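Student: I'd like to learn how to read the features of this fold. Could you walk me through a few of them?
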Amino acid sequence: MSKQILDSVRSQFAVILLLFITLSPAFAQPQNQPEDDGVQFSMQQSIAYALQNQKNIENARFETYISQKRVKEFLGTGLPQVSAGVNYTQYIELPVSVIDIRNFSLDPSAPPIPDGLPDSVYFQTANFGIRHNASVQADISQLIFDGSWIIGLQATKEYRSLSEINLQRTEEEVAVNVAKAYYSALAGEERAKLLGANVTRLQELLNSTKALYKEGFAEKVDVDRLQIQLNNLEVEERKVYRLVELGYDLLKFQMGMPIEEVIYLTDRIDEDVELAPLEDLVLDTDYSDQRLETQLLNRQIRLNELDIKRNRLGSLGTLAGFASVNYSTARPIFFRLDLEKNWFRSSLFGLQYNLSLFDGMQKKARIQQTMLKIDQLRNNLDIFRESVKLETRNAVTSVINAYDDVDNARRNVELSEEVYRISTTKYEEGIGSNLEVIDAESTLLTSQINYLSALYDYNLAKIELQRVQGGFAPSQIQNSDTE
């Protein structure tokens, strides 16, 4: 009779384990089920959101606006310059001058002042000027020729292009950071699901073992081992859920989204886990021309070349025209009403040409410095081209290795599932130990987590390869999002 009861209990236990393994969410593909108060985001949508709301991009965009205003500011220096001014002066004490009265004669018919008199007779003091003085003046000037200004205008346009490339580079960096944070959040979420599924599975096994223990078909040590394993998993699960929240916060930070917002991720970390054909991963392809860094270096070379032209044309000097109109008056009493009287007009116009004849060889030294900077930039460009080739090889190798890790981890999960299935079957039939089941469950969990880590590394390797190939440029991102 006891043999029949034992067989019945073991058969029920086997059925429970089989159903649990088959229906366990750890063996099904997880799906994010968004709540009503959250917003769904794919990775491309997250990047698109960041391109519109990330503060670093906004600051880079402000820099492009500033560069546009600087171009207009510099352009204004070559346009007519008009100024006007009003001046009023009141003498509290009129200036005193010392005059030689021998040089002043109010009556031409009077005899000349004889010589030999004391100096106090010849030299007298007098006040010259009127107490109240006012003037109104308008000036206009126009730059006619300045080689430095012509080249400088071209340089400001290059500077504006440089700021626009910096904006694109900032957008690229933000896109890469968002993509990495997105996969990090996905990996954390999937790991939490794995731990939750294993906790549930272990709890079911513990309950079944307790039932067997009460019936006398299991030992107390079997229950204790499972309880210890369950306690450790539950603590790890709580830790992972806290890290998942931090992962979501990091993603929202990279997106430029308020931390308190609620979002849900629609992509899955195991999507498109397929190695591209090796012929598409050409190691010798030069992707440097597709990189924004190349454009930045070329712009810097161009700016330095324009600086050399500016210094050379500056030797020709500058030519400017000017004109001025002035109205002035002087009155003994400030509040006289005859404003139309005693205003004296003067006007002028002219040309001014300035030429530096010798500057102590400063200009020649500046040109030589700039030429050396250009040589440095060209060397940096050559170094960058070679570094891109090296980065490409490294990124391709990382993708291939990561894919091998994913494939190997996937097979290990399948083997671990089979080992776990056999261990539980042997245990319920009474020919296996409880310790063997615990070890198989721990191995299965480790294999699942390793598979998840391999998927995460694989996706990061693909992101790095796409970045190295210039595929994270804003235009590339927008095109892929449109498709």
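Tutor: Sure. Let's start with naming: helices (H or I, at least four residues) and strands (E, at least two) are DSSP runs, numbered from the N terminus. Keep in mind that this is a predicted model.

Student: Then let's try the naming out. Where does Met-361 lie?

Tutor: Met-361 sits in the loop between β8 and α8, the latter spanning 362-428. Its backbone stands out too: phi is positive, about 65°, although the residue is not a glycine. With a relative accessible area of 45%, Met-361 is partly exposed.

Student: Now the sheet. How do strands pair in general?

Tutor: Through backbone hydrogen bonds, either parallel or antiparallel.

Student: And here, in what order do the four strands of the open sheet come?

Tutor: The order is β2-β5-β7-β8, with antiparallel pairing. At the edges are β2 (81-90) and β8 (344-354), each of which pairs on one side only. From one strand to the next, the twist averages 15°.

Student: Can we zoom in on one pairing? Over how many bridges do β2 and β5 pair?

Tutor: Over 10 bridges, in the antiparallel sense, with β5 covering residues 132-146. To get your register, take Gly-85: its bridge partner in β5 is Gln-137.

Student: Staying with β5, is Phe-145 buried or partly exposed?

Tutor: The cut-offs help here: buried means under 20% relative accessible area, exposed means over 50%, and partly exposed is in between. Phe-145, which lies in β5, comes out at 31%, so it counts as partly exposed. Phe-145 also belongs to a nonpolar surface patch of about 530 Å², together with Ile-144, Ile-150, Leu-313, Leu-316 and Leu-351.

Student: For contrast, how do I read Thr-64 in helix α3?

Tutor: Use that scale again. Thr-64 has a relative accessible area of 4%, so it is buried. Its helix, α3, runs over residues 55-76. Then check what surrounds the residue: leaving aside neighbours within four places in sequence, Thr-64 is in contact with Ser-163, Glu-164 and Leu-167.

Student: On to charges. What counts as a salt bridge?

Tutor: A side-chain nitrogen of Lys or Arg within 4 Å of a carboxyl oxygen of Asp or Glu. By this rule the count here is 23.

Student: Let's take Asp-407 and Arg-411. How far apart are their closest N and O atoms?

Tutor: They are 2.5 Å apart. Both residues are in helix α8, and because they are four residues apart, about one helical turn separates them. Asp-407 is partly exposed at 26% relative accessibility, and Arg-411 is partly exposed with 42%.

Student: Which residue does Arg-421 bridge to?

Tutor: Glu-418, with the closest N and O atoms 2.4 Å apart. This pair is in α8 as well, three residues apart, about one turn of the helix. Arg-421 is partly exposed at 38%, as is Glu-418 at 34%.

Student: And which parts does the bridge between Glu-436 and Lys-426 tie together?

Tutor: Glu-436 belongs to helix α9 (residues 434-468) and Lys-426 to helix α8, so the bridge ties together parts that are 10 residues apart in sequence. The N to O distance is 3.4 Å. Glu-436 is partly exposed at 29%, and Lys-426 is partly exposed at 26%.

Student: Last one: which residues are linked with Glu-158 in a network of salt bridges?

Tutor: Arg-299 and Arg-302.

Technical notes
Residues are numbered from 1 along each chain as its sequence is written. This is a predicted model: local features need pLDDT of at least 70, side-chain atom pairs count only at pLDDT 80 or more; totals for chains, interfaces and linings use all residues. Side-chain values use heavy atoms; hydrogens and water are left out. Two strands pair if DSSP finds at least two bridges between them. Axes are lines fitted to C-alpha atoms, for helices over the stretch in contact, and angles run from 0 to 180 degrees between N-to-C directions. Patches are made of residues with over 30% relative accessible area and no salt bridge: like charges are joined within 9 Å, nonpolar side chains (Val, Leu, Ile, Met, Phe, Trp, Tyr) within 5 Å. Accessible areas come from the Shrake-Rupley method with a 1.4 Å probe; for residues, only the protein chains shown count as cover. Buried means under 20% relative accessible area, exposed over 50%, partly exposed in between (1.4 Å probe, protein chains only). Contact means heavy atoms within 4.5 Å.
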